[in-house]
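Visitor: I'd like a close look at one part of this structure, please. Pick a spot, start from a single contact between two strands, and walk me outwards from there.

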Amino acid sequence: MHAVLVAGGTGALGGAVLVELLDRGHPVTATWVEERERERVQSELGERDGLSLVQADLMDPDAVQAAVDSVEGLGAVVNLVGGFASGPRVHETDPDEWEKLMRLNLRPGFLLARAAMPKLIERGGGAYVGVSARPALRPFAGAAAYVTSKAAVLAFVQALDADYRDDGIRANAVLPSVIDTPANRAGQPDADHSKWVAPAEIAKVIAFLVSDDSAVTSGAAVPVYGRA
């Protein structure tokens with residue numbers, strides 16, 4: 001079973017992805033930045049066989065390269081790193097805040113692909129999974145930076161497919177609506193949470209895209225909307 005590098009594996013969705021991949025027998029390496037992130041994963045998952053944790057600033061090319069190089073038998077990269085912001089319309093948006101969200105949602109995925117693709121080519125193939133969002137296809141008002149950055153994530157994943165499909169590397173994106181996490185519940189206490197999609201449900205889709213069962217799937221924008 002090939003090894004998987006999960007970037008951003010310390011959050012609510014990340015934890016579910018780690019569990020799903022480990023349960024399926026994949027050796028998994030998860031990145032962390034702050035000590036509390038490492039402690040949370042260790043507290044929730046304990047000393048799971050096959051799980052490694054590596055500290056990496058995913059905005060730093062050298063740190064990303066070191067994280068990729070630390071994974072023996074790398075066969076897939078899952079990038080869960082990203083952020084959300086909404087509120088102002090375009091004419092009210094601060095340019096620095098626009099740039100900040102673009103950087104957060106795009107730079108880690110680019111650096112991970114840049115570091116990992118030579119290893120996947122050498123291996124004879126593999127998988128890359130990114131996280132876009134439903135608003136990339138169905139925008140809502142007051143979130144131009146978020147919508148644009150997530151649309152760019154999808155475009156980047158499809159560009160990876162065009163660049164590397166002949167090398168046997170599959171690149172796909174999942175597009176959540178609202179993920180049922182404690183933070184989202186706190187932010188939208190009056191919403192119908194039963195319509196949201198659980199992290200564990202998205203994790204199963206990501207695990208499929210990482211697996212050889214998805215050998216014929218690349219360049220896809222996979223909706224994981226739940227009923228939201």
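Guide: Let's begin with Leu5, which stands opposite Val77 in β4. Keep in mind as we go that this is a predicted model.

Leu5 belongs to strand β1, residues 3-7. This strand and β4 run parallel, and 5 bridges pair them. On another side of the story, β1 also has strand β2 (residues 28-32) as a parallel partner, with 3 bridges joining the two. One pairing to find on your screen is Val4, whose bridge partner in β2 is Val28. To get from β1 to β2, the chain goes through helix α1 (residues 12-23), and this β-α-β crossover is right-handed.

Now, is β1 covered or open? Mostly covered: 5 of its 5 residues are buried. Look at where the side chains go: Ala3, Leu5 and Ala7 point one way, Val4 and Val6 point the other way, and all are buried.

Step across to β2 and you can ask the question again. β2 is mostly covered too, with 5 of its 5 residues buried. Here Val28, Ala30 and Trp32 point one way, while Thr29 and Thr31 point the other way, and all of them are buried. β2 is joined to β3 by 5 bridges, and those two strands run parallel. Try locating Thr29, because its bridge partner in β3 is Ser52. The chain travels from β2 through α2 to β3, and this β-α-β crossover is right-handed.

While you have Trp32 in view, look for Arg38. Arg38 lies over the face of Trp32, at 5.7 Å from the ring centre.

Next, turn to the helix on that crossover, α2 (residues 35-45). Its buried residues are Glu37, Val41 and Leu45. Look down the axis of α2 and these buried residues fall within an arc of 40°, so they line one face of the helix. What covers them? The cover includes α1, β2 and β3 (51-55). Just after α2, find Gly46, which takes a positive phi of about 65°.

Helix α3 (residues 61-69) is worth a similar look: Ala63, Val64, Ala67 and Val68 are its buried residues. Around the axis they cover an arc of only 135°, which puts them on the same side of α3. They pack against β1, β2, β3, β4 and α4, so this brings us back to the strand where we started, β1.

Keep going to strand β5 (residues 126-131), where you'll find Ala127. With a relative accessibility of 0%, Ala127 counts as buried. Leaving aside residues up to four places away in sequence, Ala127 touches Gly75, Ala76, Val77, Leu120, Arg170, Leu209 and Val210. Notice Val77 in that list: it is the residue opposite Leu5. And here is a nice jump along the chain: Ala127 and Ala215 are 88 residues apart in sequence, but 9.1 Å apart in space, C-alpha to C-alpha.

Last stop: the rings. A pair of aromatic rings is described by the distance of the centres and the angle of the planes. Searching the whole structure turns up 3 aromatic pairs. In one of them, Phe84 and Tyr146 sit edge-to-face, 4.7 Å centre to centre and with 80° between the planes. This pair links distant parts of the chain, 62 residues apart: Phe84 is in the loop between β4 (74-79) and α4 (95-123), and Tyr146 is in helix α5 (residues 144-164). The two rings differ in cover, since Phe84 is exposed at 51% relative accessible area, whereas Tyr146 is buried at 10%.

For another pair, try Phe110 and Phe156: their ring centres are 6.5 Å apart and their planes are at 70°, so the pair is edge-to-face. Phe110 lies in helix α4 and Phe156 in helix α5, so this pair ties together parts that are 46 residues apart in sequence. Phe110 counts as partly exposed, at 41% relative accessibility, and Phe156 also counts as partly exposed, at 24%. Tyr128 joins in as well: ring pairs link Phe110, Tyr128 and Phe156 into a cluster.

One more charge over a ring to finish: Arg134 lies over the face of Tyr225, at 5.1 Å from the ring centre.

How values were computed: Residues are numbered from 1 along each chain as its sequence is written. Side-chain values use heavy atoms; hydrogens and water are left out. Rings of Phe, Tyr and Trp (its six-membered ring) pair if their centres lie within 6.5 Å; planes under 30 degrees apart count as stacked, over 60 as edge-to-face and the rest as tilted. Helices (H or I, at least four residues) and strands (E, at least two) are DSSP runs, numbered from the N terminus. Buried means under 20% relative accessible area, exposed over 50%, partly exposed in between (1.4 Å probe, protein chains only). A charge sits over a ring if NZ of Lys or CZ of Arg is within 6 Å of the ring centre and within 35 degrees of the ring normal. Two strands pair if DSSP finds at least two bridges between them. A crossover is right-handed if, with the strands pointing away from the viewer, the path from the first strand over the helix to the second runs clockwise. The arc is that of the directions from the helix axis to the C-beta atoms. Contact means heavy atoms within 4.5 Å.
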